[in-house]
Amino acid sequence: MFKRGTLRFMHLAGTVWFMLCFGYVLVQTLRQAGVRWWVLFSLSGHGVLLVFMSISLYLFAIFRGVSASQIHQIEHPLTSTGYYTVFYVTIPFLGGLAGCLGMIGVCTMVQQFLQGVALGTLAATFLVWVIVDPVAGVLEVWLSPGARRHRAQRVAQAKLLRDKEHQERERLLADILEREDRQKQQWAELLKPLAEKLADLLTAERIDFEAAERQAADIGASAWRIGGIGCMRLLREMAIEICKKQEGERQSADYISVWWDGIGNWRNHPLQMPRG
């Protein structure tokens with residue numbers, strides 16, 4: 001029979017022929033309804049884009065008939081055969097041929113003849129691609145006990161595979177969170193003295209802002225060298241927590257974001273003023 005590449009080309013050619021016939025019938029219908037040519041041409045620019053997108057989506061949806069559908073011969077003993085595949089991809093041309101034969105001797109006008117060919121293409125393609133093929137695929141599975149068993153096994157195996165992948169993702173996520181917790185615990189031990197110094201700068205009655213900024217910048221740079229921005233965030237949280245314990249309900253302004261602006265990739269956030 002035909003190679004897969006040949007079948008793909010035939011399928012593409014059949015789809016293009018189908019879209020051309022559809023466009024021809026649409027134009028003739030609009031012309032018969034009294035739409036002038038200049039209106040049709042004004043719509044052609046947007047129409048080309050819409051047709052291109054429609055063909056792309058259409059090919060993606062129905063290419064399964066050649067590349068991926070009915071790959072399980074046990075489940076689809078008919079529609080997986082080469083003969084059916086050739087019939088499936090050539091049905092637009094077969095429909096056009098049927099329309100051509102049907103119009104011979106019926107009419108002598110070229111326009112009516114072409115319209116008959118186009119309508120034959122549309123009717124045959126719609127019948128096979130939209131109705132016959134899905135119904136045949138369903139009947140193949142449900143009328144054969146062996147096909148039903150094979151499909152049930154395949155679905156069960158796919159579900160087991162999805163569950164296994166989900167469990168693996170959950171395990172990896174748990175490992176990552178566990179490593180982060182251990183890392184934060186290690187950082188907390190190293191950062192405790194720095195957090196106390198930073199808290200002292202925030203809770204001092206009188207602050208020499210220039211000296212405090214230099215000391216805070218040195219502390220922030222040390223945290224950056226230890227663990228980057230994550231370590232700096234943890235140090236800031238620890239310092240603020242110490243301040244809350246020392247100050248009680250009265251809270252000091254959070255100058256840390258200002259002092260650390262520009263260290264590593266730390267960026268200043270709006271200053272948090274005292275509350276209460």
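1. In this predicted model, Lys159 and Asp163 form a salt bridge through their side chains, with 3.1 Å from N to O. The two residues sit four apart in helix α5, so about one helical turn separates them. Both ends of the pair are partly exposed: Lys159 has a relative accessibility of 46%, and Asp163 has 31%.

2. A little further along you will find Arg171 and Glu168, whose closest N and O atoms are 2.5 Å apart in a salt bridge. Here the spacing is three residues within helix α5, again about one helical turn. Arg171 is partly exposed at 42% relative accessibility, and Glu168 is partly exposed too, at 36%.

3. Do follow this pair outward as well: a network of salt bridges links Glu168, Arg171 and Asp175.

4. Glu178 and Arg182 make another salt bridge, at 3.1 Å from N to O. They are four residues apart in helix α5, about one turn of the helix. Glu178 counts as partly exposed at 43% relative accessibility, as does Arg182 at 41%. The count of salt bridges comes to four.

5. Now for the packing of the helix that carries these pairs. Helix α5 (residues 145-203) packs with helix α6 (residues 209-247) at an angle of about 65°, and their axes are 5 Å apart. The crossing of α5 past α6 is right-handed. Sorted by class, the residues in this contact are 22 nonpolar, six polar and six charged.

Methods. Residues are numbered from 1 along each chain as its sequence is written. This is a predicted model: local features need pLDDT of at least 70, side-chain atom pairs count only at pLDDT 80 or more; totals for chains, interfaces and linings use all residues. Side-chain values use heavy atoms; hydrogens and water are left out. Axes are lines fitted to C-alpha atoms, for helices over the stretch in contact, and angles run from 0 to 180 degrees between N-to-C directions. A crossing is left-handed if the near helix is turned anticlockwise from the far one by less than a right angle, and right-handed if clockwise. Ala, Val, Leu, Ile, Met, Phe, Trp, Tyr, Cys and Pro count as nonpolar, Asp, Glu, Lys and Arg as charged, and the others, Gly among them, as polar. Buried means under 20% relative accessible area, exposed over 50%, partly exposed in between (1.4 Å probe, protein chains only).
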